[in-house]
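Subject: Structure for you, with notes

Hi,

Here is the structure I promised to pass on. Please open it first, then read the notes below.

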Amino acid sequence: MYELPKLNYDFNALEPHIDAKTMEIHHGKHHQAYVNNLNAAAKDANIEGLELSELLANVSKYSPAIRNNGGGHYNHSLFWETIGPNAGGLPTGELMDAITASFGSFDHFKEQFNKAATTRFGSGWAWLVVHEHTLVVSSTPNQDNPLMDLADIKGTPILGLDVWEHAYYLNYQNRRPDYIAAFWNVVNWNKVSELYSKAK
Ligand code: MN3
């Protein structure tokens, strides 16, 4: 059984950047639905208990329900971990060095990430990915991610931004760029650094 992870902070902890109602619905309804649907699809396919990483690495072999809900479960679990209260600012140490080496500067990285998030048509995600010993920005449609065997840019995602309308519409309506700008105030760089150290 796949399970909905608990949030390490309250629904209102990310205000004013991400509002409590959005967090409550996004975690309790949307993410829960991915988990429930993934469990049902995994049962049908007789792959209950398969490691999520294994499932994603071979996702092209499975049904659209497994692709969409397996991706949805993984992506949201990463998202909740890499945002938080008392966050934002700049990364430090090894991660900052790697960002500077890969993109020229933090601002240049941010520009590329913002562009990926803004220009993703319809629903999807923007990513910071450890890809062949370097860092790259990518974006994927729907609930796909860079761990999937069918992704254009494969690697280990260490930061992701959900740009589905359900992630921002209550507070920002059609203003996706405002939501993207606000996101930088809640990025938990300590967690992203930890994920970078494991992935590199
Ligand atoms: Mn979402």
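Aromatic pairs first: the count comes to 15. Keep in mind that this is a predicted model.

One pair to look up is F106 with W189. Their ring centres are 5.8 Å apart and their planes sit at 75°. Edge-to-face applies to planes over 60 degrees apart, so F106 and W189 are an edge-to-face pair. The two residues come from distant parts of the chain, 83 residues apart. F106 is in helix α5, and W189 is in helix α8 (residues 189-199).

Are these two buried or exposed? The cut-off for buried is under 20% relative accessible area. F106 has 9% relative accessibility, so F106 is buried. W189 has 5%, so W189 is buried too.

Both residues also belong to one aromatic cluster. Its members are F103, F106, F109, F113, F183, W184 and W189.

Next, the helix packing. Helix α5 covers residues 106-119 and packs with helix α7, residues 176-183. The angle is about 145°, and the axes are 10 Å apart. The crossing of α5 past α7 is right-handed.

Which residues meet there? From α5, they are F113, N114, A117 and T118. From α7, they are R176, P177, I180 and F183. By type, this contact has 5 nonpolar residues, 2 polar and 1 charged. F113 and F183 appear in this contact, and both are in the aromatic cluster as well.

Send me any questions once you have had a look.

Best wishes

Methods. Residues numbered from 1 in each chain as written. Predicted model: local features only at pLDDT ≥ 70, side-chain atom pairs only at ≥ 80, totals over all residues. Heavy atoms only, no water. Axes fitted to C-alpha atoms, helices over the stretch in contact; angles between N-to-C directions. Helix = DSSP H or I, 4+ residues; strand = E, 2+ residues; numbered from the N terminus. Left-handed = near helix turned anticlockwise from the far one by under 90°. Contact = heavy atoms within 4.5 Å. Nonpolar A, V, L, I, M, F, W, Y, C, P; charged D, E, K, R; others polar. Phe/Tyr/Trp six-rings, centres within 6.5 Å; stacked < 30°, edge-to-face > 60°. Buried < 20%, exposed > 50% of the residue type's maximum accessible area, 1.4 Å probe, protein only.
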